[in-house]
Amino acid sequence: MQATEATSPIRFDPATTGPLDGIRVLDLTRLVAGNMLSLQLADFGADVIKVEPPAGDPLRDWRDGGKELHWKTYARNKRSIVLNFRHAAAKAALLRVVATADVFIENFRPGTLEEMELGPQVLHKANPDLVIVRVSGFGQTGPYAPLPVSAPWSKP
């Protein structure tokens with residue numbers, strides 16, 4: 001039998017920060033893949049700002065046994081703002097926040113960000129050091145790149 005020594009109990013310290021403390025992430029993703037990435041960054045202490053359209057992230061509507069478990073899981077440790085990119089003022093507001101960010105994550109179909117006049121050139125003009133992460137179902141180039149991802153198991 002191995003001797004054991006008394007150890008101090010582990011105590012929660014709300015002032016403790018994670019290794020990504022001080023990193024600001026703008027999350028323009030929808031549903032699961034991008035939300036999972038930003039969730040990991042938030043769990044490690046990054047300041048994740050979830051940018052949602054007026055209708056909200058579609059993941060908010062997914063239910064499991066009538067409960068919003070998916071949203072409560074994937075949105076934890078994040079802050080949310082609503083911006084309607086159909087309005088120039090919303091794009092200008094986003095670019096002001098981009099200037100303060102370290103990472104920008106999006107998972108639109110390839111070309112959508114450019115169609116919204118928010119492509120990498122515009123984002124880097126607002127913040128030359130910005131890391132841009134583009135999550136897409138079939139990559140940014142190639143014959144399947146423009147296709148949206150949909151699967152029968154991903155329906156609410």
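**Helix 3.** I began with helix 3, residues 88-98, in this predicted model, and I noted that A90, K91, A93, L94 and V98 are the buried residues there. They cover an arc of only 160° around the axis, which puts them on the same side of helix 3. I recalled that an α-helix has 3.6 residues a turn, so residues three or four places apart point the same way. Turning to the other side of helix 3, I found A88, A89 and R96 exposed. I then asked myself which elements the buried residues of helix 3 pack against, and I listed strand 1, strand 2, strand 4 and helix 5.

**Helix 1.** I next looked up helix 1, residues 33-43, where the buried residues are G34, N35, S38, L39 and A42. They cover an arc of only 135° around the axis, which puts them on the same side of helix 1. For their packing partners I wrote down strand 1 (24-28), strand 2 (47-52), helix 2 (69-74), strand 3 (78-82) and strand 4 (103-106). After helix 1 comes G45, and I read its phi as positive, near 105°.

**D43.** I stayed with helix 1 for a moment, since D43 lies in it, and I asked whether D43 is buried, partly exposed or exposed. Its relative accessibility is 32%, and because buried means under 20% and exposed over 50%, I entered D43 as partly exposed. Leaving aside residues up to four places away in sequence, I found that D43 touches R76 and N77. I also checked D43 against N107, which is 64 residues apart from it along the chain, and noted that their C-alpha atoms are separated by 20 Å.

**Two loop residues with positive phi.** I kept in mind that most residues other than glycine have a negative phi. Where, then, does L31 lie? I placed L31 in the loop between strand 1 and helix 1, and I noted that its phi is near 60°, a positive value in a residue other than glycine. With a relative accessibility of 28%, L31 counts as partly exposed. I made a second entry for E117, which sits in the loop between helix 4 (112-115) and helix 5 (120-126) and whose phi is positive as well, near 60°. E117 is exposed, its relative accessible area being 59%.

**The whole chain.** Stepping back, I counted 5 helices and 5 strands in the protein chain, and reading along the sequence I wrote the pattern as β-α-β-α-β-α-β-α-α-β. The radius of gyration is 19 Å, well over the 15 Å that the globule rule gives for 156 residues, so I described the protein chain as more spread out than a compact globule. I noted a span of about 65 × 40 × 30 Å for the C-alpha trace along its principal axes.

How much of the protein chain is made up of buried residues? I found that they account for 31% of the 156 residues. For contacts between residues at least 6 apart in sequence, I noted that 65% join residues at least 24 apart. The protein chain exposes about 10,100 Å², and carbon and sulfur atoms supply 57% of that area. My last entry was on charge: I recorded 18 positive and 17 negative side chains, with the centres of the two sets lying 6 Å apart.

Methods
Residues are numbered from 1 along each chain as its sequence is written. This is a predicted model: local features need pLDDT of at least 70, side-chain atom pairs count only at pLDDT 80 or more; totals for chains, interfaces and linings use all residues. Side-chain values use heavy atoms; hydrogens and water are left out. Helices (H or I, at least four residues) and strands (E, at least two) are DSSP runs, numbered from the N terminus. The radius of gyration is taken over C-alpha atoms; the globule rule is 2.2 Å times the number of residues to the power 0.38. Buried means under 20% relative accessible area, exposed over 50%, partly exposed in between (1.4 Å probe, protein chains only). Contact means heavy atoms within 4.5 Å. Accessible areas come from the Shrake-Rupley method with a 1.4 Å probe; for residues, only the protein chains shown count as cover. Lys and Arg count as positive and Asp and Glu as negative; His and the chain ends are not counted. The place of a charge is taken as NZ of Lys, CZ of Arg, CG of Asp or CD of Glu. The arc is that of the directions from the helix axis to the C-beta atoms.
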